[in-house]
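Welcome! Take a moment to look over the sequence and the 3D view, then try the exercises below at your own pace.

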Amino acid sequence: MNCRACGSGSLKEILNFGNMPIANGFLSERNFDKEGWYPLRFGFCPLCKMAQLISPVHPNLLFNENYPFLTASSDWMVSHFANLVDEVMERIGQPNPFVIEIGSNDGSLLKAAKGKGAGKVLGFEPANKIGSLARKNGINTILAPFEYLQAQLMIQTEGPAHLIIATNTLCHVHDLNDVLRGVKAALARNGLFVFEDPYLPDILRYTTYDQIYDEHKWYFSVTSVVNMLERHHLALIDIEPQEVHGGSMRYYVTHADSPISKKAYQAYSQERFIDLGRMQEFAGEVTYEIKNLTQTLGEIARSGRTVAGYAATSKSTTILNSMGYDAARAISYITDTTPVKQEKFSPGVHIPIVPPDALLTNPVDYVLMFAWNHWNEIRKKDSIFREKRVLPLWHTTKIAEKYSS
Ligand code: TMP
Ligand code: ZN
């Protein structure tokens with residue numbers, strides 16, 4: 001099989017989840033029989049070290065008018081973006097820079113960049129509804145994906161960008177090489193490209209297999225990023241590990257004539273353990289965790305106790321549809337704060353999504369914590385956890401250990 005990053009024929013299948021529904025495809029009852037199922041296969045290229053989806057579904061099925069994610073829905077993420085903007089604006093040291101964001105969502109980050117002195121901002125957002133919202137909020141947004149062709153057209157009218165930012169976006173793009181060609185073309189000579197995405201070594205460390213779903217086509221490490229940038233005559237100059245999404249890495253990139261930082265080089269050296277053997281070991285751990293969760297939920301249901309899901313995340317679609325159907329159906333409901341998800345059902349196993357107060361009006365013994373990446377925020381703000389009225393259940397033991405302190 002061909003690697004979708006480097007093009008070599010060495011791509012190997014690591015995990016096959018079988019057919020899955022669209023991860024973010026929360027649906028009404030009347031659409032149950034129209035639901036589509038698509039193969040979800042996770043692969044690894046031993047040559048360029050890029051972990052990736054094999055034959056991912058077409059982007060039109062994912063980022064359409066129904067796409068429900070809003071950046072501003074989490075306080076922690078809003079402050080994360082504000083910090084990111086502060087840090088990178090300081091780093092480039094360019095007065096009134098032109099800032100582009102790839103996957104600009106509701107415009108929160110670009111709004112923060114404006115507040116920090118950006119001369120001009122431009123977002124690229126293919127999810128129409130969210131992009132239109134950003135426009136209404138005064139953020140200049142192109143309602144299309146960032147592609148090489150778009151980038152070329154854009155620089156003719158707007159000029160090159162001093163700063164290009166992509167947070168949790170590159171891992172979603174279908175044609176990674178085309179986006180990087182666009183970045184190369186759109187970035188000013190002394191410009192900085194900053195992107196951050198979930199970090200493969202953290203996924204391996206915590207067995208967070210729920211990061212694997214249709215939208216996440218790429219699972220970056222410093223090594224695969226260095227290899228990918230090299231092909232596009234771009235250079236990794238620095239990195240900064242991040243807590244978001246259960247462990248992400250921020251990468252700082254320039255045109256190809258800058259030296260790499262000691263920190264980035266160290267991370268690169270420490271990643272030598274990532275090989276086909278380690279990836280296969282991960283596959284074994286994932287299989288074990290799925291079986292374990294299936295059994296646990298089965299036992300809970302048999303003993304007459306009750307479980308709800310906490311947060312209808314895309315990640316939950318992988319968990320719910322890879323465990324046994326009966327075990328998944330042991331979950332009475334899933335709470336979520338997002339209004340468009342409420343009154344709908346989860347993809348595949350069709351568990352009702354309800355507002356969070358259901359945990360008070362219709363109490364359960366356990367919640368399966370699907371928003372584990374927000375756990376530090378949730379356990380402080382949600383009284384049911386503070387008062388230990390409900391016990392969190394985790395889909396991998398390692399995530400439980402990470403947050404048990
Ligand atoms: P994500 O940021 O991991 O994609 O998850 C976002 C989903 O989790 C979104 O649907 C909102 C939901 N959520 C809650 O229901 N309660 C919460 O406290 C948080 C932080 C998120
Ligand atoms: Zn490759």
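Here are three exercises on this predicted model, each with a worked solution.

**Exercise 1. Describe the overall build of the protein chain: how many helices and strands does the protein chain have, and what does its radius of gyration say?**

Step 1: Begin with the elements; the protein chain has 15 helices and 16 strands.
Step 2: Turn to the radius of gyration, which is 21 Å, while the globule rule gives 22 Å for 405 residues. The two values are close, so the protein chain is as compact as a globular protein of that length.
Step 3: Add the dimensions: the C-alpha trace spans about 65 × 50 × 45 Å along its principal axes.

**Exercise 2. Find what percentage of the residues of the protein chain count as buried.**

Step 1: A residue counts as buried when its relative accessible area is under 20%.
Step 2: By that cut-off, 58% of the 405 residues are buried.
Step 3: For the outside, about 17200 Å² is exposed, and carbon and sulfur atoms supply 51% of this area.

**Exercise 3. Explore the surroundings of ligand 1: which residues are closest?**

Step 1: Ligand 1 is surrounded by 14 residues, the closest being K315, D336, K341, H374 and K381.
Step 2: Sort the shell by type, and you get five nonpolar, five polar and four charged residues.
Step 3: Look for polar contacts with oxygen atoms of ligand 1. T337 offers a backbone N or O atom at 3.0 Å, T338 a polar side-chain atom at 3.2 Å, and N373 a side-chain N or O atom at 3.1 Å.
Step 4: Finish with the cover: of the 490 Å² of accessible area that ligand 1 has on its own, the protein covers 93%.

Technical notes:
Residues numbered from 1 in each chain as written. Chains lettered and ligands numbered in written order. Predicted model: local features only at pLDDT ≥ 70, side-chain atom pairs only at ≥ 80, totals over all residues. Heavy atoms only, no water. Near = heavy atom within 4 Å. Polar contact = N/O pair within 3.5 Å; in protein donor to acceptor, adjacent residues only side chain to side chain. Areas by Shrake-Rupley, 256 points an atom, 1.4 Å probe, with all protein chains shown as cover. Nonpolar A, V, L, I, M, F, W, Y, C, P; charged D, E, K, R; others polar. Helix = DSSP H or I, 4+ residues; strand = E, 2+ residues; numbered from the N terminus. Rg over C-alpha atoms; globule rule 2.2 N^0.38 Å. Buried < 20%, exposed > 50% of the residue type's maximum accessible area, 1.4 Å probe, protein only.
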